[in-house]
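User: Please take me through this model by question and answer. Keep it brisk.

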Amino acid sequence: MLIRDAEIYRQGVADLRIEGRTIVAIGNLAPRPGEPVIKAHGGALLPGLHDHHIHLAGLAVRDASVACGPPQVSNRDDLVAALALPGQGWLRGVGLCESVLDGKLPDAAMLDAIVSDRPLRIQHRTGRMWFLNSAALDELLRQAAPSPGLERDGAGFTGRLFDEDRWLQGALGGSPPDFGKTSACLASFGITGLTDLSPANDARIADHFAAQQNDGTLRQSVVLGGALSLTEAFLDTDVPDGLRLGPAKLHLHESALPDFDETRRWITQAHGQGRDVAVHCVTEVELVFTLALFEATGTRAGDRIEHASVVPSALVQAIAALGIAICVQPQFVAAHGDRYLAEIEPACHPDLYRLRSLREAGLVLAGGSDAPYGAADPWSAMHAAVHRRTAAGAAFNEEETLTPEQALALYLCDPMDLRRERRVAVGEPADLCLLDRPWQAARVRLNARDVRITIASGRVVHQSIDQPPVQRLSCIEPTTA
């Protein structure tokens, strides 16, 4: 495949040839007989974007779920209307926020008053809690013994389930979802690679990822993080080239921090497997606990903190001294900034969702969506990193803004070595994102609609449908010259 007249990122206008999965030539190149040609018309050609923190299965099932929180649902009447769907069997909701129910977490009785004729489960916006109506409780308890995470009171089970996705999946007896539609949507953003960091990922989910890649359903390459047991799945020689073993995931909760010595041994075991460790860390207490763990165990070059939502100034240098990278979610400022400004005391605001100060301290930053708990569009995240505005337009720590190039760089890190920025170069994988305009025009917009063609592992996996049909069909054509 030949791409003609592309503005190759940071290099200038040139042609580029792909053979198999690799870029083999860049320059003034003549088409070969029968070679497919993409006419770039001076559009920017970037390395394919990589989402460094995503939960792909959760994102896939969200698309088949009912939105139960803002902005679609803002009060109880909205929730009742959203859940008034015809049908039988399970009804699944996502994104519930306490504000919808006047600051209350629902129990089974409250949900029975909304849906009583079919099993209902609704996930909290954090992903850590599920709320079940009585029909759902009865169905689950017919299939499995009660989970320790199923809340009880004097009258029995309340219908609130905490941190027990694995138990829920087992009781439901379901299989992992198909990734086809979700993968296509991600490709439309120019995303050619994913790092999936669901802590429960194990050999079973690895097999599912491999099968979805082998049949072409999953278009992106994947770095799969998760449980320590995941290592065993990658001893199999049949693992596809597009699936690689990622970090061991440690999910901390300030309200129930694990035993320090046991967790230290867990990190040492992960390092002993040759794996980096990724720690979910959103509060100051979780961050202090994490740094103490790494000080006790030592670090690997790829160890990382996920989210780093709160980083006091005094801890920035401590993170830098340990050489730990941070995976950030800039879009949370745009999506939730108004709530942060209203609910968090002003003295703490400078510590929230830092970007520039972390970069200037020498920390390696990578960008992830945390989808389905955040928006999957990396361009909206770049825009948020550059402008630092809430949904209502309020400024949010403007001193933490990045340039468009720095924001883009968050998604160009090599997922196996976040310190290295991937380039469009001979010998590099043919993972590419072609825009419909030069970078100088795109950097002002930072808009996913500018993505014209996405190429993953040398294959076109997305082509914009916004062009007229004749132009769309003619931009990729075999040459007879």
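The turns below cover strands, packing, cysteines and aromatic rings.

User: Before we start, what kind of model is this?
Analyst: Treat every value here as computed. The model is predicted.

User: Which strand pairs with strand 1 in the antiparallel sense?
Analyst: Strand 1 spans residues 2–8 and pairs with strand 4 (residues 36–39) in the parallel sense, over three bridges. R4 faces K39 there. Strand 5 (residues 44–47) is also a parallel partner, over two bridges, and E7 is bridged to A44. The antiparallel pairing, over five bridges, is with strand 2 (residues 12–19).

User: Which residue in the turn between strand 1 and strand 2 has a positive phi?
Analyst: The two strands form a hairpin with three residues between them. Within the pairing, I3 stands opposite L16. The turn residue with a positive phi, about 70 degrees, is R10.

User: Which are the edge strands of the eight-strand open sheet?
Analyst: The strand order is 6-13-14-15-16-17-18-19, with parallel pairing. An edge strand pairs on one side only, and that applies to strand 6 and strand 19 (365–367).

User: What angle does the direction of helix 10 make with that of strand 16?
Analyst: Inside the sheet, strand 13 (residues 191–196) and strand 14 (residues 221–226) pair over four bridges, with T195 bridged to V223. Helix 10 (residues 284–297) packs on this sheet and touches strand 15 (243–251), strand 16 (277–281) and strand 17 (304–307). Its direction and that of strand 16 make about 160 degrees.

User: Is H55 buried or exposed?
Analyst: H55 sits in the loop between strand 6 (49–54) and helix 1 (56–62). Beyond its sequence neighbours, its contacts include D196, K249, D370 and Y373. The cut-off for buried is under 20% relative accessible area. H55 has 10%, so it is buried.

User: Which residues have the most contacts inside the largest nonpolar core?
Analyst: Nonpolar side chains tend to be buried together in soluble globular proteins. The largest nonpolar core here has 73 residues. One of its members, W379, touches L46, F189, L435 and V451, among others. The residues with the most contacts inside the core are W379 and W439.

User: How many disulfides does the structure hold, and why does C185 form no bond?
Analyst: A disulfide needs two cysteine sulfur atoms within 2.5 Å. The closest cysteine sulfur to that of C185 is in C433, 14 Å away, so it is too far for a bond. C327 fails likewise, because its closest cysteine sulfur, in C413, is 8.8 Å away. The number of disulfides in the whole structure is zero.

User: Is the aromatic pair of F260 and F289 stacked or edge-to-face?
Analyst: This is one of six aromatic pairs in the structure. The ring centres are 5.7 Å apart and the planes lie at 90 degrees, so the pair is edge-to-face. F260 lies in helix 9 (residues 260–272) and F289 in helix 10, so the pair ties together parts 29 residues apart in sequence. F260 is partly exposed at 28% and F289 is buried at 12%. The pair is edge-to-face.

User: How are the rings of Y340 and Y353 arranged, stacked or edge-to-face?
Analyst: Y340 lies in helix 12 (residues 331–343), and Y353 in the loop between helix 12 and helix 13 (356–360). Both residues are buried, and they belong to an aromatic cluster with F332 and F396. Their centres are 5.6 Å apart and their planes lie at 15 degrees, so the pair is stacked.

Methods: Residues numbered from 1 in each chain as written. Predicted model: local features only at pLDDT ≥ 70, side-chain atom pairs only at ≥ 80, totals over all residues. Heavy atoms only, no water. Core = buried A, V, L, I, M, F, W, Y, C linked by side-chain atoms within 4.5 Å. Buried < 20%, exposed > 50% of the residue type's maximum accessible area, 1.4 Å probe, protein only. Contact = heavy atoms within 4.5 Å. Pairing = 2+ DSSP bridges. Axes fitted to C-alpha atoms, helices over the stretch in contact; angles between N-to-C directions. Phe/Tyr/Trp six-rings, centres within 6.5 Å; stacked < 30°, edge-to-face > 60°. Lists of a residue's contacts leave out its neighbours within four places in sequence.
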